[in-house]
Amino acid sequence: MTSMPRTRARSFDAAAALYSANRPGYPEELFDAVEELAGRGLRGARVADVGAGTGIATGLLRARGAEVLAVEPGDGMAAEFRRSNPGIPLVRGDGDRLPLVTAGFDFLTYAQAWHWTDPARSVPEARRVLRPGGALALWWNDMDPTVPWIAEQDERIRDLFDAAGLTYRALPAELDFTQREIRWSRRIPLDVHLANHASHSAFLMLGPAGTREFIDAERARLTALFPDGTVEERYVVTLSVAVV
């Protein structure tokens, strides 16, 4: 990682509790798809969840019966992980330098974390750590832009940050990925929806004053759309799995 992506990746440390409390989880259908595309089940599998953060995906992998180990570089995120998941082992490291035994894992998972790696390093590390026939599973969870109010909000966020799309999520060409999209939704209080946005790295880098200004304006807009104070966030999870 270059210095700017590394700085953004580590920005989560100062907001680990906010992240843990407000970020969405993942639907069971995602893990069904991981198993289908990998050609084996998670139950009893040895899994390393890299860039585990506060353990949102790690805990769900364990609930599926996986023997899961978390890898997390950030101090704040690791502390929140240990508080929330005291029974799951955690090691400090990142995808570019995995502190893991060679050929020791059936799955290597990245829940919204692969884009923080340098593929020139993380791909060889994935090949090293996975057993023959093991699976690298990458996924990102995005709000569904086909929903009009979400599309309008996305445009306001792009305008705020002058964002140029999601090209940084390009998959490494040397691996043969199969992709799947899983749609799901959650109903949450408006304040949780807004706090979810505030926990993203772009807002954490923007700082409290700029974030508060944007969030206050969004609250006013969305209160008119959702007068009962409950928002339905609709999501699309983009899953990519490569068997190596």
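This passage walks through the sheet, the charged side chains and two backbone features of a predicted model.

A good place to start is the sheet. Seven strands form an open sheet in the order β3-β2-β1-β4-β5-β7-β6, and their pairing is mixed. The two edge strands are β3 (90–91) and β6 (177–189), each of which pairs on one side only. Strand β1, residues 46–50, is largely enclosed by the rest of the structure, because 4 of its 5 residues are buried. Strand β1 pairs with strand β2 (residues 67–71) in the parallel sense, over 5 bridges. Within this pairing, V50 stands opposite V71 of β2.

Further along the sheet, the pairing can be followed through strand β7. Strand β5 (residues 130–143) and strand β7 (residues 230–243) run antiparallel and are joined by 9 bridges. Two positions help to locate this contact: L136 faces A242 in β7, and M143 faces Y235 in β7. Strand β7 is also joined to β6 by 13 bridges, and these two strands again run antiparallel. Here S185 has R234 of β7 as its bridge partner. As a general point for reading such a sheet, side chains in a regular strand alternate between the two faces.

The charged side chains come next. In general, side chains of opposite charge can pair when their charged atoms come close. The model holds 20 salt bridges. One of them can be placed directly on the sheet just described: R46 and E67 meet through their side chains, with an N to O distance of 3.5 Å. This salt bridge links distant parts of the chain, since R46 lies in strand β1 and E67 in strand β2, 21 residues apart. R46 is partly exposed, because its relative accessibility is 24%. E67 also falls in the partly exposed class, with a relative accessibility of 47%.

A second salt bridge joins the side chains of R183 and D144, with 3.7 Å from N to O. This pair, too, links distant parts of the chain: R183 is in strand β6, D144 is in the loop between β5 and α7, and their positions lie 39 residues apart in the numbering. The two partners have contrasting surroundings. R183 is exposed, with a relative accessible area of 52%, whereas D144 is buried, at 2% relative accessibility.

Which helix holds both R221 and E218? These residues lie in helix α10 (residues 208–225), 3 residues apart, which is about one turn of the helix. R221 and E218 form a salt bridge in which the closest N and O atoms are 2.8 Å apart. R221 is partly exposed, with a relative accessible area of 39%, while E218 counts as buried because its relative accessibility is 0%.

Salt bridges also link four residues into a network, made up of E28, D32, E35 and R64. Of these, E28 belongs to helix α3, which covers residues 28–38. E28 is partly exposed, with a relative accessible area of 41%. For a sense of distance across the model, E28 and A224 are 32 Å apart in space, C-alpha to C-alpha, and 196 residues apart in sequence.

Charge also gathers on the surface. E152, E155, D159 and D162 come together there in a patch of negative charge. One of these residues, E155, is found in helix α7 (residues 148–161). Its relative accessibility of 45% makes E155 partly exposed.

Finally, two loop residues stand out by their backbone angles. Most residues other than glycine have a negative phi. Against this background, A103 is not a glycine and yet has a positive phi of about 55 degrees. A103 sits in the loop between β3 and β4 (105–111), and is partly exposed, with a relative accessible area of 36%. Q112, likewise a residue other than glycine, has a positive phi near 60 degrees. Q112 is part of the loop between β4 and α6 (119–129). Is Q112 buried or exposed? With a relative accessible area of 18%, Q112 is buried, because the cut-off for this class is under 20%.

Notes: Residues numbered from 1 in each chain as written. Predicted model: local features only at pLDDT ≥ 70, side-chain atom pairs only at ≥ 80, totals over all residues. Heavy atoms only, no water. Patch = residues over 30% accessible without salt bridge, like charges linked within 9 Å, V, L, I, M, F, W, Y side chains within 5 Å. Areas by Shrake-Rupley, 256 points an atom, 1.4 Å probe, with all protein chains shown as cover. Lys, Arg positive; Asp, Glu negative; His and termini not counted. Charge placed at Lys NZ, Arg CZ, Asp CG, Glu CD. Buried < 20%, exposed > 50% of the residue type's maximum accessible area, 1.4 Å probe, protein only. Pairing = 2+ DSSP bridges.
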